[in-house]
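Here is a short report for a reader new to this structure. Look over the sequence and the model first.

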Amino acid sequence: MQRIVPRCIGFAPRHHSRIPFSASRQFSISIPRRANTLMETSGFSDTQLQVREAIAKICSNFPDEYWAAHDESGEYPHELHAALSKDGWIGIALPEELGGSGLGISEATMMLHTISESGAGMAGAQSIHANVYATQPVAKFATPEQRKRMLPKLINGEWRVCFGVTEPNTGLETLKLRTQAVRDGNNYKISGQKIWISSAQVATKMVLLARTTPLEEVKKASEGLSLFFIDFDPKQPGLELKRIRKMGGRAIDANEVFFDSYTIPADSLIGKEGQGFRIVLHGMNAERCLLAGEALGLGYAALYRASKYAKERVVFGRPIGMNQGIQHPLADAYMHLEAAKLATYHAARLYDQSMTDESITQTAVGVACNSAKYLAAEAAFTACERSVLSLGGMGYAQEYHVERYLRECFVPRIAPVSREMIMNYVGEKVLGLPRSY
Ligand SMILES: Cc1cc2nc3c(=O)[nH]c(=O)nc-3n(C[C@H](O)[C@H](O)[C@H](O)COP(=O)(O)OP(=O)(O)OC[C@H]3O[C@@H](n4cnc5c(N)ncnc54)[C@H](O)[C@@H]3O)c2cc1C
């Protein structure tokens with residue numbers, strides 16, 4: 001914990017790390033509201049606010065021009081990853097005995113949110129995103145020996161991890177995935193194909209979901225999948241990568257990954273063979289919270305720029321922001337972001353509390369995390385689109401950055417699960433309607 005809180009904002013004692021959201025106010029500390037943000041920060045715990053301030057300080061070394069240039073060149077933001085890992089931030093939600101901070105997804109969401117809101121957008125957040133959530137199932141289900149072997153070097157930034165679930169032929173039908181891990185003595189041999197794997201060009205490890213029992217041989221499709229933490233080394237036989245050219249967040253590579261009898265040791269298996277889907281869900285709910293936070297960050301960043309521009313730009317003898325046609329859409333977008341913010345931090349809190357409170361069901365956590373991701377992604381899209389339009393022609397110009405945010409804010413609408421699949425899920429699990437897919 002001590003490592004992650006910079007000296008300039010004081011030290012959050014360990015017992016603060018679990019301050020419940022509602023009780024946090026009695027510990028209230030004075031953290032000045034930054035001038036360049038619109039988000040209302042009351043109601044957050046002191047720890048969350050300290051995370052926010054510390055991360056904003058690091059991100060202030062990475063101005064808009066850095067992100068515009070990296071978006072243009074497609075170069076990975078190594079410097080941000082290095083700055084965050086140097087101060088221990090990658091381990092924010094990992095156990096203290098492994099070098100982490102022992103905080104929760106509530107704080108990790110605030111971290112990713114603040115990175116995105118700084119102007120770094122999805123690209124900045126995604127430079128560490130997988131390292132934060134894909135390690136959650138490893139921390140929970142790996143043996144103590146595996147945890148010690150797998151996590152400390154990710155926390156200190158020596159290693160980076162990518163997350164291998166999506167496949168080209170099965171898409172959102174995750175349970176039908178076909179990549180196989182076949183036991184061969186003390187090894188498994190992996191064969192199959194993954195797609196859209198972020199950061200695979202810079203990762204040295206992968207958290208991989210693969211079939212250990214063919215689909216045809218299991219009673220339920222959710223059985224027979226297994227989770228692995230593997231060495232990811234394209235120099236070894238049986239592993240190839242191909243970068244995908246994409247619309248936004250171009251500093252973070254996305255890839256097709258081809259396995260052809262790629263050999264991994266048997267002790268790469270996390271938890272029991274065949275239980276991988278249940279295990280990986282643990283990381284997937286965390287990821288939905290983080291992505292919701294990242295979307296919120298983009299939305300607030302866009303809205304900040306749009307309202308600043310609308311105050312300064314004078315046409316027909318008045319600032320354009322004096323026109324309700326400009327002002328109201330931005331005010332409406334702000335309210336949607338604030339509502340989505342509440343849903344996001346509610347979901348993150350439920351996720352964290354469900355670790356120790358058995359009365360919180362995994363269905364409740366799943367519904368909250370999916371709903372938060374949906375609402376935040378939609379609110380961010382509205383804010384980004386309206387911000388581009390509020391800037392008129394300059395909204396379309398690279399130097400004003402809102403076009404970059406608009407391109408990036410499609411990602412939380414599509415991944416890791418689409419809007420339609422979230423509505424299918426809520427329709428079935430909450431409304432009790434017939435399963436539609
Ligand atoms: C930038 C980016 C980064 C990513 N990073 C990773 C990563 O690191 N690791 C990883 O594993 N994956 C990653 N993904 C993959 C992402 O999770 C998938 O793209 C996403 O889950 C959607 O799957 P798909 O593209 O195969 O869509 P498809 O399954 O092909 O679906 C296409 C469309 O059809 C709709 N649809 C399909 N079936 C139904 C239905 N029954 N009812 C209603 N609508 C339906 C979907 O909602 C969607 O809009 C990334 C994707 C992107 C774009």
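How far apart do the C-alpha centres of domain 1 and domain 2 lie? They lie 26 Å apart. The model is predicted, and the distance between the centres is computed from it.

**The division into domains**

The protein is divided into three parts: domain 1 covers 14–25 + 35–141, domain 2 covers 160–275, and domain 3 covers 277–429. Domain 1 is thus written as two segments.

**Where domain 1 meets domain 2**

The contact takes 17 residues from domain 1 and 18 residues from domain 2. On the domain 1 side, four helices each supply at least two residues: α2 (64–73), α4 (105–126), α5 (129–133) and α6 (135–141). Which of them gives the most? It is α6, with four residues. What kinds of residue make up this side of domain 1? Nine are nonpolar, six are polar and two are charged.

**Features from the record**

UniProt, in an unreviewed entry, places two domain features on the chain. "Acyl-CoA dehydrogenase/oxidase N-terminal" is placed at residues 45–158. "Acyl-CoA dehydrogenase/oxidase C-terminal" is placed at residues 274–430. The table gives computed values for each span.

| Span | Distance between end C-alpha atoms | Helix | Strand |
|---|---|---|---|
| Residues 45–158 | 31 Å | 68% helix | 0% strand |
| Residues 274–430 | 28 Å | 75% helix | 3% strand |

For residues 45–158, the strand share is 0%. For residues 274–430, strand accounts for 3% and helix for 75%.

How values were computed. Residues numbered from 1 in each chain as written. Predicted model: local features only at pLDDT ≥ 70, side-chain atom pairs only at ≥ 80, totals over all residues. Domains from an automatic or database assignment. Contact = placed C-beta atoms within 7 Å. Nonpolar A, V, L, I, M, F, W, Y, C, P; charged D, E, K, R; others polar. UniProt positions renumbered as here; feature names shortened; annotations may be inferred.
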